[in-house]
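These are my notebook entries on one protein model. I record what I looked up, entry by entry.

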Amino acid sequence: MVWAPEPGPLRLVGTPPEPAPAHPGTDAPDTVDPRDPAEQALVGVHRYLDGSARLSERQLLRQLGSGLRGLTEQDADARLAGLGENLLPEARVSLRARLRASARDPFTLVLAALAGASAVIGSIGAAIVITALATVAGTLRFLAERQADRVAALVRDALADTTATVLRRADPDAPPVAREVAPDQLVPGDLVTLGPGDPVPADLRLLRADGLLVSQAALTGESAPVPKAPDLQPKASEVQPQAPVDVASSGTDLFGSPRLCFLGSTVTAGTATGVVLATGPDSHLGATHARPRRRATRTAYGRGSAGIARSLALFSALAATAALTVNAVWFGGGLQAAAFAVAVAVGLTPEMLPLVVSSILARGSVLLGRRRIVVRRMPAVYDLGAMDLLCTDKTGTLTRGRPTLSCRIGPEGTPDPTVLHWAAVNSLLSLEQGDLLTGDPVDEAVLDAAHPLGLPLDADAMSAVAVVPFTPARRRSTVVLRRPGHPGTVTLVTKGAPEEVLPRCSRFRARSADVADRADGPDAADDLPLDAAAQARLLALVDRHAREGTTLLAVARAHRPARLGGYGPGDEARLTLLGFVGLRDELLPGAPAALAALADAGVEVKVVTGDHPAVAARLCREAGIAGADPDTVVTGADIGRLDDMQLAELAARSTVFARTTPHQKARVVAALRRNGRTVGFLGDGVNDLPALAAADVGISADSAVPAARSASDAVLVSKDLTVLGEALTVGRRSVGAIATYLRITFSSNFGNTLSMILGSMLLPFLPMLPTQILVQNLCFDAAQLTLAFDRPQPSAQCAPRILDRRRTMAFMVCFGVLNSLSDLITFALLGHLTGHQHDPAAQAVFRSGWLTENLVTQALALHLLRPDADTGPWSGPWRQRVAAWPVWLAAAALIAAALGLPRSPLAPALGLGALPLSWLPYLALIVGCYCTMVLTARRLWRSRSRQR
């Protein structure tokens with residue numbers, strides 16, 4: 001992909017890439033779909049960037065139509081008009097996709113089938129009502145997710161809030177001038193200068209660099225800054241012939257190229273000049289951001305709801321078949337038998353099922369919003385409640401994402417404050433010669449640690465003579481300074497990688513000196529020669545700390561006679577090693593407590609990171625994650641050697657996965673889900689996108705890159721992991737409310753359906769008309785909308801919750817039979833009360849009596865069939881938790897409707913007749929029998945559940 005050199009509109013051209021093969025046997029979402037333009041674009045961007053890293057500087061600038069003096073303003077304006085602004089594409093879900101997702105809800109599909117059946121037999125009113133309710137449920141879900149998108153947009157990073165320094169010319173003969181522009185005005189071919197703290201505004205190829213360190217944590221998960229320079233030795237992969245690019249793994253190789261800097265990374269130290277290769281959607285981040293992330297399998301909500309819907313459809317089909325058979329035998333079949341069979345199926349299926357479930361999930365999303373958690377996909381509320389395993393990235397999610405000083409030790413490995421003093425002197429004077437406001441994070445970490453100790457005490461009296469800066473090739477920095485009271489001498493202080501500093505040392509300090517003892521020269525009595533054996537011992541000390549996740553920097557010093565000439569790398573010799581300072585990426589303050597709370601809530605935590613295995617293991621141990629033994633860390637190389645079944649077995653018993661590519665992260669998540677776990681993934685970088693899509697619920701923070709936030713199902717507005725515990729509580733409360741609703745409505749409807757079939761065999765008329773069944777179900781379901789506001793069961797918050805299909809169906813049959821027994825008692829008493837049952841008026845009174853009894857017992861079921869309390873004053877086998885006031889109000893309204901409908905103006909249209917007052921004592925007797933049976937059965941059910 002290069003710039004077209006011919007005149008005319010500027011454009012990017014390239015060869016259509018070959019689709020990359022997926023890993024054998026995987027369903028990871030990070031494989032290339034040759035039919036998807038977005039997939040092809042990502043592969044093309046990878047090839048273009050990889051090829052640009054291989055070209056010489058002259059070849060690249062020629063292909064870009066640029067030069068060492070930058071573009072002219074006219075060229076830049078033309079390219080901006082042709083390619084558009086340097087903005088990331090907004091990863092929005094289309095209106096059609098959202099509506100399609102709502103329509104695919106399993107509960108909605110069941111209702112759609114019933115509506116179609118009702119329309120076929122001529123029950124147009126029922127079909128319209130069912131369709132309207134399903135539409136309202138889908139609309140509620142659509143509006144909730146659209147509102148979540150608007151809230152998420154408020155926390156989106158704005159690229160235009162920063163500026164970029166670009167070199168441009170007013171005309172072809174004018175010299176280049178550096179000026180600040182908005183990053184969205186950059187175009188390919190622009191020359192950009194970078195300094196400490198600058199975000200990289202586009203994908204760049206470096207032309208010049210001085211000590212450049214770039215943090216790519218948001219892209220790769222690697223916490224340590226990466227050295228970048230155009231003249232660094234390329235990796236072997238960069239000098240080999242270009243091969244087809246695999247989206248699943250090529251990103252890691254690209255990020256390792258020292259000549260390339262990527263949009264989304266940040267300069268931590270040094271300066272550089274680079275030429276813009278790609279902007280906006282043509283950049284690596286833009287192509288990744290625009291690439292759709294499809295879930296390979298259903299989430300926990302999809303699996304649970306589909307299982308319930310299948311069982312409900314099966315029971316409806318069996319009930320309709322039974323009703324059709326009974327009518328064919330008793331009444332001779334015909335259209336009336338078909339209408340009755342459809343009415344039975346409608347009676348078994350709650351028409352407001354999608355609406356009630358959507359209302360409960362919407363209520364959960366509102367509660368999560370109050371806890372500063374934005375839910376972008378409404379079923380994610382359920383998935384949070386069902387989650388029993390959380391996979392998390394390390395850098396930026398569990399850690400601060402920047403180094404902190406963890407130790408200061410002498411050559412013997414014992415604490416030594418003198419080392420920190422001289423390291424702080426090196427850092428302070430290095431920053432003074434550079435940029436104090438945006439310095440190297442290592443120097444800032446050293447100074448942050450020295451400041452509380454009052455170090456360095458006499459830094460103001462010191463003056464820097466020269467600074468030999470850090471570069472990626474040297475991996476060390478040296479300051480030359482004068483100290484008061486030491487005329488004619490200067491002191492060299494060197495700080496850097498041990499393998500670079502130790503060979504330049506001739507002696508080492510064998511004792512811990514007091515901070516005030518700063519005048520010791522290299523010939524002090526306590527200094528020992530640094531021979532090969534001592535150097536090997538010191539390198540072993542460095543390696544031991546590295547395995548524990550601590551990076552040691554060596555600190556050395558030398559006193560030399562002052563001279564007029566300059567100082568350079570040649571003066572870094574015959575130094576005295578003072579010791580080491582250790583750096584590590586520390587945990588966020590609330591991370592251990594948050595992880596402990598997750599463990600108490602029954603959620604297992606695994607770490608899947610791209611960082612070093614030793615660093616990952618050490619942080620996991622500090623965070624209190626069980627099983628984080630360094631010897632058991634699974635690396636990306638290990639994952640690459642395993643097929644899906646082997647990986648599933650290994651993932652089940654492993655806790656830490658390190659040095660993983662984005663594709664491997666997704667494979668780990670898919671393997672854990674294959675083991676039957678409900679998996680959440682917490683990540684904030686571009687390298688986390690495949691895993692976020694592969695998980696049941698993807699979670700990110702507001703500080704995550706925009707692509708990660710867009711791919712997430714839930715976004716933590718504040719970077720506080722303790723809110724995850726609150727999210728679990730709300731999610732489990734929502735799952736519990738859905739499970740309670742399904743149990744109550746299914747058992748009641750099953751009992752009514754069974755009674756309908758038995759009643760049609762015992763009575764010379766239908767015990768309830770289809771319209772009456774529909775009205776009864778609507779009243780009952782409307783009352784159950786208040787379950788979203790019910791008090792949660794305390795014990796339900798202690799463990800993950802799912803919709804158990806078998807248990808739900810068993811509950812439905814058990815308590816549905818009890819409901820049917822009370823209906824049979826009602827039939828007997830109503831038959832005695834109405835007398836001659838061939839009279840239409842008597843039939844209307846009979847139906848009114850059964851409708852009244854049904855609604856009253858259903859109102860009581862709202863309380864009696866709710867989960868029991870395990871503790872507190874309302875515990876016990878015969879007692880029940882006190883419901884929230886909306887549930888009480890709904891139950892009262894349902895009883896009022898039961899008693900008022902037969903005497904309302906709607907009674908004639910519904911085929912109801914006014915009930916005599918003599919029916920009330922019978923009703924009280926039936927209700928008493930029903931309550932006794934339910935309480936007894938509930939006690940037995942609870943006892944059997946505990947035994948399981």
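Is Pro630 buried, partly exposed or exposed? I found Pro630 partly exposed, at 41% relative accessibility; buried means under 20% relative accessible area, exposed over 50%, and partly exposed in between, with a 1.4 Å probe and protein chains only.

**Basis of the entries**

I note that this is a predicted model, in which local features need pLDDT of at least 70, side-chain atom pairs count only at pLDDT 80 or more, and totals for chains, interfaces and linings use all residues. Residues are numbered from 1 along each chain as its sequence is written, and side-chain values use heavy atoms, with hydrogens and water left out.

**Pro630 and its surroundings**

I placed Pro630 in the loop between H20 and strand E22 (634–635). Helices (H or I, at least four residues) and strands (E, at least two) are DSSP runs, numbered from the N terminus. Leaving aside residues up to four places away in sequence, I found that Pro630 touches Ala617 and Arg621; contact means heavy atoms within 4.5 Å. I also looked up Glu548, which lies 82 residues from Pro630 along the chain, and the C-alpha atoms of the two are separated by 8.5 Å.

I then turned to helix H20 (residues 613–623), which is mostly covered, with 9 of its 11 residues buried. Among the buried residues of H20 I listed Ala617, the partner of Pro630, together with Pro613, Leu619 and Cys620. Gly624, just after H20, takes a positive phi of about 85°.

**The chain as a whole**

I recorded 32 helices and 26 strands in the protein chain. Of its 948 residues, 57% are buried. Among contacts with a separation of 6 or more, 76% are between residues 24 or more positions apart. The chain exposes about 37500 Å², of which carbon and sulfur atoms supply 60%; the areas come from the Shrake-Rupley method with a 1.4 Å probe, and for residues only the protein chains shown count as cover.

**Cysteines**

How many disulfides does a search of the whole structure find? I found 0, a disulfide being a pair of cysteine sulfur atoms within 2.5 Å. For Cys931, the closest cysteine sulfur is in Cys929, at 9.5 Å, which is too far for a bond. I also checked Cys261, which counts as buried because its relative accessibility is 1%.

**Helix packing around H29**

Two packed helices are described by the angle between their axes and the distance between the axes. I looked up two partners of helix H29 (residues 840–864).

The first entry is helix H27 (residues 770–784), which packs with H29 at an angle of about 20°, with their axes 11 Å apart. Axes are lines fitted to C-alpha atoms, for helices over the stretch in contact, and angles run from 0 to 180 degrees between N-to-C directions. H27 and H29 are therefore roughly parallel to each other; angles under 35 degrees count as roughly parallel, over 145 as roughly antiparallel, 65 to 115 as roughly perpendicular and the rest as oblique. On the H27 side I noted residues including Gln776, Cys779 and Phe780, and these belong to a set that meets H29 residues including Leu851, Asn854 and Gln858.

The second entry is helix H26 (residues 723–762), packed with H29 at an angle of about 155° and with the axes 10 Å apart. That makes H26 roughly antiparallel to H29. The contact set in H26 includes Ile744, Asn752 and Met756, and the set in H29 includes Trp850, Asn854 and Gln858. I note that Asn854, Gln858 and Leu862 of H29 appear in the contact sets with both H27 and H26.

**Positive phi outside glycine**

Most residues other than glycine have a negative phi, and most peptide bonds are trans. Which loop holds Arg372? I found Arg372 between helix H13 (353–370) and strand E11 (373–375), with a positive phi of about 65°. Arg372 is partly exposed, with a relative accessible area of 46%.

Arg574 has a positive phi near 55°. I located Arg574 in the loop between strand E19 (551–561) and strand E20 (575–587), and at 55% relative accessibility Arg574 counts as exposed.

**Ala652**

Ala652 is in helix H22 (residues 644–653) and counts as partly exposed, at 45% relative accessibility. Beyond residues up to four places away in sequence, I found that Ala652 touches Lys606, Leu672 and Asn675.
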